[in-house]
Amino acid sequence: MKTKANNENRLGLGHFMVWKSSEVSAAWVNLIILSYLSIYASDTLGLNVGLVGTILLVSKIIDAVTDVFAGILIDNTRTKLGKGRPYEICIVGMTICTVLLFSGSAQWSNLTKILWVSFMYMLVYSIFSTLRSTAQNVYTLRHFKYNRTLIEKQASYGGVFVMVFSIAASVLFPILMGKLATGEAGWTKLVLIFMVPATLIGVLRFIFCKEEVEDSADTVKKVSLPEIMSLFKNNKYVWIYGFICLAYNIITNLAVGSYYFTYIIGDISKAGLLPVVSIVILPIMLIFPALIKKFGSMGKMVFVLSWISVIGFAICFFANDNLVLLMLGQVLGNLGIMPVMYFGALFIMDICEYNESIGLPRMESCSGIVAGFATKSGGAIGSWITGIMLMLGGYISSVAGEVVEQPASALMMIRVDFSVIPMILSLLIGLACLAFSKLENKLEAIRTADSQ
């Protein structure tokens, strides 16, 4: 009998916390940029809201293209530190460039402001985040020795851990934003308050967590372009997972919450209440591994939960300025799509296993190229949708300190962007996950046959 000390499925607390440290830092970067960059650019720098959405769209398209090259680079990386681990240090670049991104000036010309926002945004996402996120699944699989139980545990329990820190940041940021972000210098100070600790926390994984799997003959061999093209042609589940990432990231990159609380609720500081209520989701996240077993596959679990999201986002639309209904709707809305965020390594693990079953190399990094491209494209589309919808609604941009009254058409567009768009996409995520569950069932049959 295995003891607790040598149980291969045991995830120690210290090990667990260090491993998730990098994700806490990345979550803070994403929270600040995805939630507040648009309103910072439109209401502090004075850029047209439609132009801001277009800037982010173009930047994300470039960002998505770099994912293809990052996947090839990482699958062909051979260093003493490992295959995915060297790229973990990119978290430092992400945090530094986030500070610089929010250090622009309304006194600059429009061209200078556009170039500054575009360049810093692309440094964060097209370079540093792309390399780190593309290497993430490789690093995870190799650090945990392809142990599915450990990967499920760190994803579920880690989701709670990261969410606690994200909630804390989500609560504090809008409160401090209301007090500090009254001008350009205030924004820089505000972002520094979060990014200095994020940098210190973010390097812990790189320092202490090694890759535990050594390269085999298959992984030492360089992945060729024809093999990558064969992957895209013969493994349809790459595309299904890509669509799931696309839809999920459109939802999370709409960045309309700051507009909603500023103009519908009338108080941006109350935006911190939503993450607090999300605490009720935490116990459910702890039982995700058990739910996966109950439903028979991860895909089927997400399909069922996605209907809860549909109901939740529908409640958000009718809530209008009712905070109680709005918080209830947001909790239900986020519940169904949350597993997509935390179980990426399991999706990729199944795709890689299927690659082997059809005679291809595992291609742990390249198997995530489509998902990475879709993730960045989803971010671009989400930002663009918000910018275009508000522009069509007649949204009035302003500079720091200027008070404007938005037209009713703009307020309606904010409500639709906040609720109806996520509702439709949540349903599509559920249907795509149901399609992906066919692969999970197929692989389970293969494993059963191999064990007999």
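Q: Welcome to this predicted model! Which residues are buried in H11?
A: Helix H11 covers residues 257-265, and seven of its nine residues are buried, so the helix is largely enclosed by the rest of the structure. In this predicted model, the buried residues of H11 are Ser258, Tyr259, Tyr260, Phe261, Tyr263, Ile264 and Ile265.

Q: Which residue follows H11, and what is its phi near?
A: Just after the largely enclosed helix H11 comes a residue with a positive phi. That residue is Gly266, and its phi is near 90°.

Q: Within what arc do the buried residues of H9 fall, seen down the helix axis?
A: Let's start with the names: in helix H9 (residues 225-234), Glu227, Ile228, Leu231 and Phe232 are buried. Viewed down the axis of H9, these buried residues line one face of the helix, because they fall within an arc of 145°.

Q: Which residues are exposed on the other side of H9?
A: A general point helps here: an α-helix has 3.6 residues a turn, so residues three or four places apart point the same way. In H9 the buried residues line one face. On the other side, the exposed residues are Pro226 and Lys233.

Q: Is the pair of Phe16 and Phe161 stacked or edge-to-face?
A: The structure holds 24 aromatic pairs, and this is one of them. The ring centres of Phe16 and Phe161 are 5.5 Å apart. Their planes stand at 65°, and over 60 degrees counts as edge-to-face, so the pair of Phe16 and Phe161 is edge-to-face.

Q: How many residues apart in sequence are the parts that Phe16 and Phe161 tie together?
A: Phe16 is buried at 10% relative accessibility, and Phe161 is buried at 16%. Phe16 belongs to helix H1 (residues 13-43) and Phe161 to helix H5 (residues 148-180), so their pair ties together parts that are 145 residues apart.

Q: What is the angle between the planes of Tyr40 and Phe102?
A: Both partners are buried: Tyr40 has 0% relative accessibility, and Phe102 also has a value of 0%. Their rings form a tilted aromatic pair, 5.0 Å centre to centre, and the angle between the planes is 45°.

Q: Which residues form one aromatic cluster with Tyr40 and Phe102?
A: Tyr40 sits in helix H1, while Phe102 is in the loop between helix H3 (90-101) and helix H4 (110-143). The pair thereby links parts of the chain 62 residues apart. Joining these two in one aromatic cluster are Trp28, Tyr36, Phe173, Trp187 and Phe194.

Q: Which residue meets Glu23 in a salt bridge?
A: Glu23 lies in helix H1, and its partner is in helix H7 (residues 204-208), 182 residues apart. Glu23 is buried, at 16% relative accessible area. The partner is buried too, at 0%, and it lies over the face of Trp19, at 3.9 Å from the ring centre. The N to O distance of the salt bridge is 2.8 Å, and the partner is Arg205.

Q: Which residues do salt bridges that share partners join into one network?
A: Six salt bridges are found in the whole structure. In one of them, the side chains of Glu88 and Arg132 meet at 3.6 Å, N to O, and both residues are buried. Glu88 is in the loop between H2 and H3 and Arg132 in helix H4, so their pair ties together parts 44 residues apart in sequence. The network is made of Lys20, Glu23, Glu88, Arg132 and Arg205.

Q: What is the phi of Lys145, about?
A: In general, most residues other than glycine have a negative phi. Lys145, found in the loop between H4 and H5, counts as exposed at 54% relative accessibility. Although Lys145 is not a glycine, its phi is positive, at about 55°.

Q: Which helix gives the most to the nonpolar patch?
A: Ile61, Val65, Val68, Phe69 and Phe373 make up this surface patch, with about 440 Å² of accessible area together. Phe373, partly exposed at 37% relative accessibility, is placed in helix H18 (residues 369-392). Four residues of the patch come from the helix that gives the most, H2.

Key:
Residues numbered from 1 in each chain as written. Predicted model: local features only at pLDDT ≥ 70, side-chain atom pairs only at ≥ 80, totals over all residues. Heavy atoms only, no water. Patch = residues over 30% accessible without salt bridge, like charges linked within 9 Å, V, L, I, M, F, W, Y side chains within 5 Å. Areas by Shrake-Rupley, 256 points an atom, 1.4 Å probe, with all protein chains shown as cover. Salt bridge = Lys/Arg side-chain N within 4 Å of Asp/Glu carboxyl O. Helix = DSSP H or I, 4+ residues; strand = E, 2+ residues; numbered from the N terminus. Buried < 20%, exposed > 50% of the residue type's maximum accessible area, 1.4 Å probe, protein only. Arc of directions from axis to C-beta. Phe/Tyr/Trp six-rings, centres within 6.5 Å; stacked < 30°, edge-to-face > 60°. Lys NZ or Arg CZ within 6 Å of the ring centre and 35° of its normal.
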